[in-house]
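Trainee: I would like to go through the labels used for this model and ask what each one rests on.
Mentor: Go ahead, and ask for the value behind each label.

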Amino acid sequence: MAEVFVRLRRGRWPLSKGLLVEALLPLGVPLEAAQAVAHTVEERLKAEGHSAVAPRLLRKVFLEEVARALGAEVAGRLSRQTLPFEEILVLQGKRRRPFSKGLLARSLEEAGFSLKEAHELAKEVERHLRQEGVKQISARRLEEVVAQEVGRAMGKGARRRYLQRQAFAGELFVEEESGEPRMPFSKGILAQSLMGIGFSPERAYRLAREMEKALRLEGRRVIRRNELRERVYQALLKEAGEEVARRYLLLRSLRRSARPVHILIGGVTGVGKSVLASALAYRLGITHIVPSDAVREVFRASLSQDLLPTLHLSTFEAWKALSTEPSAAEEESHEIRVMRGFLDQVARVAVGLRAIQERSALEGTSIVLEGVHVVPRYLDHPYRDRVLTVPMLVVLQDEKLHQDRFLLRDRETAHARPREKYLTHFYEIRLIQDHLLRWAQEEGVPVIPGEDLDEAVEKALEVLVAYLEAQGMREGLHA
């Protein structure tokens with residue numbers, strides 16, 4: 001039996017031994033012992049003929065194997081927790097929804113915390129709930145737990161900021177010129193727009209709060225969208241100068257434009273593409289992010305390894321699946337073979353990426369495509385003139401930092417993405433980056449340094465604004 005799946009309300013997911021290890025490490029269990037137990041659990045489920053298991057059965061088998069290998073005391077402590085593969089339900093009225101670290105992190109960002117702070121706080125909240133054995137929790141109680149964690153980690157001021165983030169929601173309305181229904185004024189949405197021009201969350205929320213305060217002092221209950229935009233523009237002129245204020249109007253024009261934007265973020269594994277894509281999409285209000293790895297997984301599921309062997313390996317290992325005559329293999333250098341395997345996989349995945357771009361262009365939808373397969377020369381499509389395409393390449397020049405990223409990812413995924421695999425093929429990964437960087441320089445694709453997320457977001461926004469200006473999207477900025 002190739003794989004065991006866990007059945008959840010939202011579908012089924014492959015059993016991750018890393019999640020089992022993750023549950024044991026906080027109890028002081030050595031890594032090797034935890035990995036051995038996880039392996040035993042998987043082998044037992046396979047031996048018993050389980051292709052898909054419910055969390056309840058997995059919990060039973062896991063606790064039995066922990067008791068057998070590590071003793072009743074460890075099993076008892078573990079049994080009092082909600083395990084990583086078990087859902088925590090949030091109750092709100094009659095609704096029940098699974099707890100989501102991503103949604104919680106978004107809420108914390110809206111309260112003014114940085115992207116990194118928000119995700120760290122969300123992880124700590126989940127850890128607290130699981131250690132306490134929480135299986136369901138009311139939305140109100142979850143709010144209290146989050147506030148407590150924010151206060152513990154960031155202080156009383158941060159706790160108060162989180163609790164008061166929606167204190168005035170709904171009292172002030174924004175009216176569209178087109179006669180669409182009024183919408184409540186949202187500091188979060190305004191702050192998101194300001195983060196889109198490169199403001200830090202703290203600075204963006206401060207300016208949004210000041211704007212709301214000024215409107216309330218004037219006794220305003222309704223403000224037209226264009227007037228609000230002009231007031232923000234004037235505030236930015238005083239706060240940050242003409243260049244930043246002009247950037248705000250350019251990005252607002254992008255949101256109002258019927259012409260969607262396609263942001264293409266390429267780069268090898270471990271350079272920070274996914275984090276940059278999420279941060280950039282959030283700041284620009286783009287809801288569709290497509291990782292090229294997801295497209296590759298769809299192809300893997302539908303096309304056999306015999307048919308397309310390079311698809312069934314990582315990009316930096318694809319060369320191993322190439323079939324070559326012995327004589328030719330002797331003449332071909334390792335570098336050429338690595339790049340031939342890489343480009344073979346890129347060409348396959350590009351078929352799906354182009355289809356996504358075409359559909360998004362026809363539907364007028366803005367998207368962010370990110371992944372190592374996002375190589376602009378492979379992604380031309382017949383509807384390109386209907387969209388604003390903004391390519392960029394993320395690179396990490398510092399080899400030591402690049403290696404450290406794999407260690408960090410190993411820890412964060414509880415060894416589901418082990419660093420050894422990437423470090424073993426680190427030469428090939430860097431080789432691919434060198435080629436991508438050379439192509440980017442030859443074709444004028446902007447290069448984004450991946451060492452620092454905030455600087456990467458700032459540079460990416462600069463690139464986007466430059467493309468907007470080059471495409472002549474200045475018209476109607478003050479309309």
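The exchange below takes helix packing, then aromatic rings, then single residues.

Trainee: Before the labels, what kind of model is this?
Mentor: It is a predicted model.

Trainee: Why is α1 called oblique to α3?
Mentor: Helix α1 (residues 17-24) and helix α3 (residues 55-70) pack at an angle of about 55°, with their axes 13 Å apart. Oblique covers angles that are not under 35 degrees, not over 145 and not in the 65 to 115 range. An angle of about 55° falls outside those ranges, so α1 is oblique to α3. The crossing of α1 past α3 is right-handed.

Trainee: Which residues make that contact?
Mentor: On the α1 side they are Leu20, Ala23 and Leu24, and on the α3 side Phe62, Val66 and Leu70. By class, the contact of α1 with α3 has 6 nonpolar, no polar and no charged residues.

Trainee: What makes α6 and α7 oblique to each other?
Mentor: Helix α6 (residues 115-131) and helix α7 (residues 139-154) have axes 10 Å apart and pack at an angle of about 120°. The roughly perpendicular range is 65 to 115 degrees, and roughly antiparallel needs over 145. About 120° meets neither condition, and α6 and α7 are therefore oblique to each other. Their crossing is right-handed.

Trainee: Which residues of α6 and α7 meet?
Mentor: From α6 there are Glu117, Leu121, Glu124, Val125, His128 and Leu129. From α7 there are Leu142, Val145, Val146, Glu149, Val150, Arg152, Ala153 and Met154. The contact of α6 with α7 divides into 9 nonpolar, 1 polar and 4 charged residues.

Trainee: How do you know that α9 and α10 are oblique to each other?
Mentor: The axes of helix α9 (residues 187-195) and α10 cross at roughly 130° and come within 8 Å. With over 145 degrees required for roughly antiparallel and 65 to 115 for roughly perpendicular, roughly 130° leaves α9 and α10 oblique, therefore, to each other. The crossing of α9 and α10 is right-handed.

Trainee: What does the contact of α9 with α10 consist of, by class?
Mentor: It has 10 nonpolar, 1 polar and 3 charged residues. Among the residues that meet are Leu190, Ala191 and Leu194 in α9 and Ala204, Tyr205 and Met211 in α10.

Trainee: On to the rings. How many aromatic pairs does a search of the whole structure find?
Mentor: The search finds 4.

Trainee: What makes the pair of phenylalanine 406 and tyrosine 422 stacked?
Mentor: The centres are 5.0 Å apart, with 5° between the planes. Pairing needs centres within 6.5 Å, and stacking needs planes under 30 degrees apart. Both conditions are met, so the pair of phenylalanine 406 and tyrosine 422 is stacked.

Trainee: Where in the chain are these two residues?
Mentor: Phenylalanine 406 is in helix α17 (residues 399-412) and tyrosine 422 in helix α18 (residues 419-424), 16 residues apart. Both phenylalanine 406 and tyrosine 422 are buried. Phe406 and Tyr422 also belong to one aromatic cluster with Phe316 and Phe426.

Trainee: Why is valine 268 called buried?
Mentor: Its relative accessible area is 4%. Buried means under 20%, so valine 268 counts as buried. Valine 268 sits in the loop between β10 (261-266) and α13 (273-284). Beyond its neighbours within four places in sequence, the contacts of valine 268 include Val372, His402, Ile429 and Leu436.

Trainee: How do you know that leucine 308 is buried?
Mentor: Its relative accessibility is 15%. Set against the limit of under 20%, that value makes leucine 308 buried. Leucine 308 is in the loop between α14 (292-302) and α15 (326-331). Leaving aside neighbours within four places in sequence, leucine 308 is in contact with Leu303 and Arg348.

Trainee: What makes alanine 214 partly exposed?
Mentor: Alanine 214, in helix α10 (residues 201-217), has 28% relative accessibility. Buried needs under 20% and exposed needs over 50%. The value lies in between, so alanine 214 counts as partly exposed.

Trainee: And why does tyrosine 282 count as buried?
Mentor: Tyrosine 282 is in helix α13, and its relative accessibility is 7%. That is under 20%, so tyrosine 282 is buried.

Technical notes. Residues numbered from 1 in each chain as written. Predicted model: local features only at pLDDT ≥ 70, side-chain atom pairs only at ≥ 80, totals over all residues. Heavy atoms only, no water. Axes fitted to C-alpha atoms, helices over the stretch in contact; angles between N-to-C directions. Helix = DSSP H or I, 4+ residues; strand = E, 2+ residues; numbered from the N terminus. Left-handed = near helix turned anticlockwise from the far one by under 90°. Contact = heavy atoms within 4.5 Å. Nonpolar A, V, L, I, M, F, W, Y, C, P; charged D, E, K, R; others polar. Phe/Tyr/Trp six-rings, centres within 6.5 Å; stacked < 30°, edge-to-face > 60°. Buried < 20%, exposed > 50% of the residue type's maximum accessible area, 1.4 Å probe, protein only.
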